[in-house]
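Thanks for coming. I will go through one structure today, residue by residue where it helps. Please have it open in front of you.

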Amino acid sequence: MRARLALHVSEIEVEHREILLKKKPAEMLAVSPKGTVPVLVLPDGTVIDESIDIMYWALKQNDPEGWLVEGAESWLEQLLAFKTHLDNYKYNPTRENVEAKLTACQPFLISVENALKRNDYLLGRAPTVADFGILPFIRQWHFVNTKQLQLWDYSKTVSWLKAFLESTRFAEIMQKVPLWSPGN
Ligand SMILES: N[C@@H](CCC(=O)N[C@@H](CS)C(=O)NCC(=O)O)C(=O)O
């Protein structure tokens, strides 16, 4: 989602090959054996297979809305720990220590809420790569735990997320793309 957001704002045309994770095409694994999406293959054969790297690559080509700003990298680094706790929560089939896992997510969410109390976006009055790099994970968190955001009163975070989910850009990147197969 965040790779798509950056490719969208930078107006870089890509051949979008939608795949099924449970049926990864050999063509994808040949260029990126780790088997995660997204994978971007450049015309010269260079492979970029981390979403954050795709964001930065795209924005370095063209950054019409000024998403690349100082301070964004520090937010994106802080996100890593939150993402680990979120994944622990989401993918733990036994649901052991659910509360502890949720609590582990809290410091990052509090930082986000506090930043949004000061400004409309994480780094000021306009959204940047920090907002768009983080929002997809706040969306995931909201889906796995809608109640918690209300319980803890993260009202600024909820409004920020809602505006993102209702934005034209979000609607455009979420448009359904037919599954790719080698013949099409
Ligand atoms: N660090 C990678 C992680 C990407 C990732 O984990 N993607 C998931 C889908 S959202 C995936 O491809 N999982 C592989 C699988 O489910 O087989 C990135 O951000 O690009």
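E11 is exposed, because its relative accessibility is 66%. E11 sits in the loop between α1 and α2. What is the phi of E11, given that it is not a glycine? The phi of E11 is positive, about 55 degrees. Keep in mind throughout that this is a predicted model.

A second backbone feature is at V37 and P38. The peptide bond joining these two residues is cis, with omega about 0 degrees. P38 belongs to the loop between α2, residues 26-31, and β1, residues 40-41.

Both residues come up again at the ligand. Which residues are around the ligand? Going along the chain, they are L21, K24, G35, T36, V37, P38, D49, E50 and S51. By class, that shell splits into 3 nonpolar, 3 polar and 3 charged residues.

Now the polar atoms at the ligand. A polar backbone atom of V37 is 2.8 Å from an oxygen atom of the ligand. So V37 appears twice here, because it takes part in the cis peptide bond with P38 and has a backbone atom at this distance from the ligand. Turning to side chains, E50 has a polar atom 2.6 Å from a nitrogen atom of the ligand. In S51, a side-chain N or O atom lies 2.6 Å from an oxygen atom of the ligand. How much of the ligand does the protein bury? Taken alone, the ligand exposes 510 Å², and the protein buries 58% of that.

Next, salt bridges. How many does a search of the whole structure find? The search finds 7. I will take three of them.

One is between R169 and E65, with the closest N and O atoms 3.1 Å apart. This pair links distant parts of the chain, the two residues being 104 residues apart. R169 is in helix α9, residues 168-173, and E65 is in the loop between α3, residues 51-61, and α4, residues 72-90. Are R169 and E65 buried or exposed? R169 counts as buried, because its relative accessibility is 18%. E65 has a relative accessibility of 42%, so E65 counts as partly exposed.

Another salt bridge is formed by the side chains of D87 and K83, at 3.5 Å from N to O. D87 and K83 are 4 residues apart in helix α4, so about one helical turn separates them. Both are partly exposed, because the relative accessibility is 23% for D87 and 27% for K83.

The third that I picked is between E166 and K162, with N to O at 3.4 Å. E166 has a relative accessible area of 57% and is therefore exposed. K162, with a relative accessible area of 48%, is partly exposed. Elsewhere, K83, D87 and K90 are joined into one network by salt bridges that share partners.

Now the interior. In general terms, nonpolar side chains in soluble globular proteins tend to be buried together. Here the largest nonpolar core has 43 residues. Which residues have the most contacts inside this core? They are F82, L122 and I134. The elements that give two or more residues to the core are α1 (2-9), α3, α4, α5 (98-118), α6 (129-144), α8 (155-165) and α9. Of these, α6 gives the most, with 8 residues.

Helix α8 also holds T157. Is T157 buried or exposed? T157 is buried, because its relative accessible area is 1%. The side chain of T157 has a polar partner, since a polar contact at 2.5 Å pairs it with the side chain of E113.

Last, the segment after α9, where Q175 is found. Q175 counts as exposed, because its relative accessibility is 54%. How far apart are Q175 and L161, C-alpha to C-alpha? The distance in space is 19 Å, and in sequence Q175 and L161 are 14 residues apart.

To go back over the main points: the protein buries 58% of the area that the ligand exposes alone, the salt bridge between R169 and E65 links distant parts of the chain, and α6 gives the most residues to the largest nonpolar core. I will stop there and take questions.

Technical notes. Residues are numbered from 1 along each chain as its sequence is written. This is a predicted model: local features need pLDDT of at least 70, side-chain atom pairs count only at pLDDT 80 or more; totals for chains, interfaces and linings use all residues. Side-chain values use heavy atoms; hydrogens and water are left out. A residue is near a molecule or strand if one of its heavy atoms lies within 4 Å of it. A polar contact is a pair of N or O atoms within 3.5 Å; within protein, one must be able to donate a hydrogen and the other to accept it, and residues adjacent in sequence count only if both atoms are side-chain atoms. Accessible areas come from the Shrake-Rupley method with a 1.4 Å probe; for residues, only the protein chains shown count as cover. Ala, Val, Leu, Ile, Met, Phe, Trp, Tyr, Cys and Pro count as nonpolar, Asp, Glu, Lys and Arg as charged, and the others, Gly among them, as polar. A salt bridge is a side-chain nitrogen of Lys or Arg within 4 Å of a carboxyl oxygen of Asp or Glu. Buried means under 20% relative accessible area, exposed over 50%, partly exposed in between (1.4 Å probe, protein chains only). A nonpolar core is a set of buried Ala, Val, Leu, Ile, Met, Phe, Trp, Tyr and Cys residues joined through side-chain atoms within 4.5 Å.
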